[in-house]
Amino acid sequence: MRAPRVVVAVLASCGIVVSLMQTIVVPLIPDLPRLMHTSAANASWVITATLLAAAVCNPVSGRLGDLYGKQRVLLASLLLMVIGSVVCALSDALLPVVVGRLLQGCAIGVIPLGISIMRDELPPERLPSAMALMSATLGVGGAIGLPLAAFIAQHADWHALFWMSAAVGAANLLLVALIVPESPLRAPGRFDVPGAIGLTVGLVCLLLAITKGGDWGWGSVPTLGLFAAAVAVLLAWGFMELRLRAPLVDLRTTARRPVLLTNLASVVVGFALFAMSLVLPTLLQSPPATGYGLGLSLVEAGLCLAPGGLVMMLLSPVSARVSRRWGPKVALMAGTLVIAAGYAATLGLMRSAWEVVIGGSVIAAGVGLAYAAMPALIMSSVPASETAAANGLNALMRSIGTSASSAVTSVVLAHMTLVAAGPYTLPSLRGLQVALLIACGVSLVGAVITYFIPGRGLPGRPGGDPVAGRLARSAG
């Protein structure tokens, strides 16, 4: 086996690359209708497609990794990302770009797969810090990707964004093939195809209703119909999964109190992370005529948010040390409280760019602490043969949180607007403040949820799993 440090570096690089796919098209959003000769509503599918694919593929790729080999599925995920990037780079029409973005979204399962590979392969003394770093890459890649993508979009043809993602994806694909070992651990049974179909249908209905409800109307027939369909399909799916010996998602394990509460806290942290991504760029880029806007360009605004990504990376070892000393439950609770404090502080730090950088960095610090603690809580409560699937489900909970945050924050900003703000309808200062207060309150709810996670969040040897016991001893 290669040196653990090299394996961790390669896996973390993969996590940053796939998380870049979430923000790579953000600089193009205003120009997408013109670039693809379509309406704004149709162009929004370039964003929605990646969200849907990521939500579905997190638990599915995790289960495939448990059954057939985590490194093998990791390679397949990166290959899909490269193919999707090339499809987008060669296309000018909406449909091929949406297909390419779907393929890019399928790669997000790399992060839970990487965490599971670390659990299988790393010595116990390196495991907490490595998992913390891998988990933090989701926020790191998003924060770094925004200014990078904005710079490329302003100085080159927009297709260059996708050629860049194809190149870095291919490089990571080669590194994984050469350096990352295949785990010998396998889960028994076969892949649950009906379960995967049921989960896909249910999640697509749910997330479509959440992400498109603002455009279609929250009381419209399509939105209410999708919500109803999601409830019906997911209930039927859950009933079916409980009857199988080898389900796609072991709901009995998921219902364990530590796993259930950690997943609920993940929804909250995902909500808090995305609220920052919506409110702070609006504050930075709105014109000074609004009375609050700082009038920065997209690149300048991205550079103001980039320190948050670096803070997440730097704090991942701190979270690991907190977990070792007091348990990951304490690290998760500290993260949610820091997020809440960051949002509260940002209410008074809105007058200049450097103040926004401070507020955003505090919020990012809390997200980094929380994200880094979640894998330890999950994996100390599930058998080693189910780690990838369990981490994939946890990542899905974060995706649901970001989707809910997008819907709620967008509704607030759309209904609290300025009448006279030039050619565009912009949110009022009160709207931004309300959105920040909601995110602060949700973060405090996350702290309450975390309080009820049993013990220190490291119960030792659940189900006789030696790796979980190993993790508990290393953190203790």
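User: How do you know that the span of helix α17 agrees with its 29 residues?

Analyst: Helix α17 covers residues 387–415, and at 1.5 Å a residue (the expected span is 1.5 Å times one less than the number of residues) it should span 42 Å. Its end C-alpha atoms are 42 Å apart, so the two agree. A helix here is a DSSP run of H or I with at least four residues, numbered from the N terminus. One caution: this is a predicted model, where local features need pLDDT of at least 70 and side-chain atom pairs count only at pLDDT 80 or more. Residues are numbered from 1 along each chain, and side-chain values use heavy atoms, without hydrogens and water.

User: What makes α17 largely enclosed by the rest of the structure?

Analyst: Buried means under 20% relative accessible area, exposed over 50%, and partly exposed in between, with a 1.4 Å probe and protein chains only. In α17, 22 of the 29 residues are buried, so the helix is largely enclosed.

User: Why is the pair of Y451 and F452 called edge-to-face?

Analyst: Rings of Phe, Tyr and Trp (its six-membered ring) pair if their centres lie within 6.5 Å; planes under 30 degrees apart are stacked, over 60 edge-to-face, and the rest tilted. The centres of Y451 and F452 are 5.3 Å apart and the planes stand at 90 degrees, so this pair is edge-to-face.

User: Is Y451 buried or exposed, and what does F452 count as?

Analyst: Y451 has a relative accessible area of 53%, so it is exposed. F452, at 44%, counts as partly exposed.

Notes
Helices (H or I, at least four residues) and strands (E, at least two) are DSSP runs, numbered from the N terminus.
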